[in-house]
Amino acid sequence: MQVFIVEDSELVRERLVHLLESVPGASVVGQASQAPAAIRDILARRPDVVVLDINLGEGSGFDVLRAVCPQDPAIDFYMLSNFAADPYRQLAKRLGARDFFDKSREFERVREIIAQRAAGKQ
């Protein structure tokens with residue numbers, strides 16, 4: 001399963017790569033820190049899963065959802081953000097995100113979900 005990471009923090013990106021590369025059957029095929037690059041690279045690579053932050057260096061995760069989901073609804077987006085209040089969660093869902101995780105409390109859940117997907121359980 002191919003995973004693409006969109007996160008503006010290099011430290012968090014590195015942590016996610018390490019976390020997700022430990023999942024059997026999953027490989028990180030790309031990374032971006034800004035919305036325009038993320039949109040371009042996701043549409044070029046067509047990964048199975050995108051782990052997406054809201055705040056990016058340029059643009060937002062919502063911009064990425066708006067641009068990519070209509071063009072390729074088969075890609076599963078999982079939001080991972082410090083901004084986890086209900087309005088953000090609801091907007092992400094409306095724009096096509098499959099799930100939403102709070103960075104400060106649910107970081108490890110991303111690995112669990114990816115592992116379930118890679119094992120064919122989701």
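**Exercise 1.** At which residue does α5 bend, and by about how many degrees?

*Solution.* The structure is a predicted model. In this model, the bend of α5 lies at R109 and amounts to about 25°.

**Exercise 2.** Determine what span the 16 residues of helix α5 should have, and compare it with the distance between the end C-alpha atoms.

*Solution.* Step 1: helix α5 covers residues 103-118, which is 16 residues. Step 2: the expected span is 1.5 Å times one less than the number of residues. For α5 this gives 22 Å. Step 3: the end C-alpha atoms of α5 are 22 Å apart, which agrees with the expectation. Beyond the helix, G120 follows just after α5 and has a positive phi of about 80°.

**Exercise 3.** Identify the buried residues of α5 and the elements against which they pack.

*Solution.* Step 1: a residue counts as buried when its relative accessible area is under 20%. In α5, the buried residues are K103, F107, V110, I113, I114 and R117. Step 2: an α-helix has 3.6 residues a turn, so residues three or four places apart point the same way. Step 3: the buried residues of α5 pack against the strands β1 (2-6), β3 (49-52), β4 (76-81) and β5 (97-102), and against α1 (10-21). Step 4: α5 lies across β1, β3, β4 and β5, and runs at about 140° to β5.

**Exercise 4.** Describe the surroundings of β1 and the strands with which it pairs.

*Solution.* Step 1: because 4 of its 5 residues are buried, β1 is largely enclosed by the rest of the structure. Step 2: β1 pairs with strand β2 (residues 27-32) in the parallel sense over 5 bridges, and I5 stands opposite Q31 in β2. The connection from β1 to β2 passes through α1, and this β-α-β crossover is right-handed. Step 3: β1 also pairs with β3 in the parallel sense, over 4 bridges; here I5 stands opposite V51.

**Exercise 5.** State the strand order of the sheet and name its edge strands.

*Solution.* Step 1: the order is β2-β1-β3-β4-β5, an open sheet of 5 strands with parallel pairing. Step 2: β2 and β5 are the edge strands, since each pairs on one side only. Step 3: neighbouring strands of this sheet are turned by 20° against each other on average, direction ignored. Step 4: β4 and β5 pair in the parallel sense over 5 bridges, and S81 has D102 in β5 as its bridge partner. Helix α3 (residues 61-68) packs on the sheet, where it touches β3, β4 and β5; its direction makes about 170° with that of β4.

Conventions
Residues are numbered from 1 along each chain as its sequence is written. This is a predicted model: local features need pLDDT of at least 70, side-chain atom pairs count only at pLDDT 80 or more; totals for chains, interfaces and linings use all residues. Side-chain values use heavy atoms; hydrogens and water are left out. Helices (H or I, at least four residues) and strands (E, at least two) are DSSP runs, numbered from the N terminus. The bend at a residue is the angle between axes fitted to the seven residues ending there and the seven starting there. Buried means under 20% relative accessible area, exposed over 50%, partly exposed in between (1.4 Å probe, protein chains only). Contact means heavy atoms within 4.5 Å. Two strands pair if DSSP finds at least two bridges between them. A crossover is right-handed if, with the strands pointing away from the viewer, the path from the first strand over the helix to the second runs clockwise. Axes are lines fitted to C-alpha atoms, for helices over the stretch in contact, and angles run from 0 to 180 degrees between N-to-C directions.
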